[in-house]
Every structure is written in structure tokens, then in C-alpha cells.
Amino acid sequence: MKKNDWILAGVIVVIAAVVLLFQLTRKNSGEGEVSVSVDGEKFGIYSLTEDRTVDINGTNRLIIENGTARMEWADCPDQICVDHNAISREGESIICLPNKVVVSVESGEEAELDGVVR
């Protein structure tokens, strides 16, 4: 590898480390909600502060406990959503493509605008 290749690799590693650090230190309010949609339509919104089990159309089972949400069971063949880590921070999601299920964490607080809205 040439000198410029090493510089490029170093820059990429530094950027990745900064993004990871930001994700790990981002404040988690604990007041978030989990939004569940099936085939693009809202299925339900559930608080992360209340432990519960949610049956999603008989195809998936979502567990909400200790401020996190995780997919416990799915009838899809690949089981990627079941193997996914539990989510608890705003913007995180679990997606089951075969069943068209999207579970995402939304903040309980209103988002601040960072620009002019017309």
C-alpha cells in the first residue's frame, strides 16, 4: 500500500470511531416510544417504560422490557430480526423484511427544528 492509501484508511477509521462514540454517548431519555408498522401502516405505538409482549399479526412477537424492545419470535425463514440486538435509542429500528414489519424507537420529546420551515 502506498502512503496515500494509509492516510485514507486512517481517516476512515477516525471517522468511524467518532460516529461510534457519538452513538454510544447519545443521551437516552428513557421516555421513548416504540412505533410498530406493518406493510407501511401503523400497527401501534407502545411506551418503553411499560413492560409488555406485543403479538404482531401472528407473524412476529415483540418484547418490551427494561426500557428496550426486541423481537422474540418471527415466522420468517432468515430470523435476522430475532437475532438483532434490543433497541432503546431514538432512531434505532428492527426490520423484518419478509413480514414487512418495522419497529422503531421514537423520542417522547418533540424534535427541535434546525432550520427554517415554510
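Visitor: Is strand E1 largely enclosed by the rest of the structure or not, and how many of its six residues are buried?
Guide: Happy to start there, keeping in mind that this is a predicted model. Buried here means under 20% relative accessible area. Strand E1 is largely enclosed by the rest of the structure, because its buried residues number five of the six.

Visitor: Which strands pair with E1 in the antiparallel sense?
Guide: One partner is E2, residues 41-47, joined to E1 over six bridges; there, Glu-33 has Ser-47 as its bridge partner. E7 also pairs with E1 over six bridges, and Ser-37 is matched with Val-102 in that strand. The antiparallel partners are therefore E2 and E7, given that two strands pair if DSSP finds at least two bridges between them.

Visitor: Which residue in the turn between E1 and E2 has a positive phi?
Guide: Good one to look at on screen. E1 and E2 make a hairpin, with two residues between them. In that turn, a positive phi of about 55 degrees belongs to Asp-39.

Visitor: Which residues have the most contacts inside the largest nonpolar core?
Guide: This core has 20 residues. Strands E1, E3, E4, E5, E6 and E7 each supply at least two of them. Val-103 touches Val-34, Val-36, Leu-62 and Met-71, among others. The residues with the most contacts inside the core are Val-36, Leu-62, Val-101 and Val-103.

Visitor: How many residues of helix H1 are buried?
Guide: Helix H1 covers residues 3-25 and reaches 33 Å from its first C-alpha to its last. H1 is hardly covered. Among its 23 residues, the buried count is zero.

Terms used. Residues numbered from 1 in each chain as written. Predicted model: local features only at pLDDT ≥ 70, side-chain atom pairs only at ≥ 80, totals over all residues. Heavy atoms only, no water. Core = buried A, V, L, I, M, F, W, Y, C linked by side-chain atoms within 4.5 Å. Buried < 20%, exposed > 50% of the residue type's maximum accessible area, 1.4 Å probe, protein only. Helix = DSSP H or I, 4+ residues; strand = E, 2+ residues; numbered from the N terminus. Contact = heavy atoms within 4.5 Å. Expected span 1.5 Å × (residues − 1). Lists of a residue's contacts leave out its neighbours within four places in sequence.
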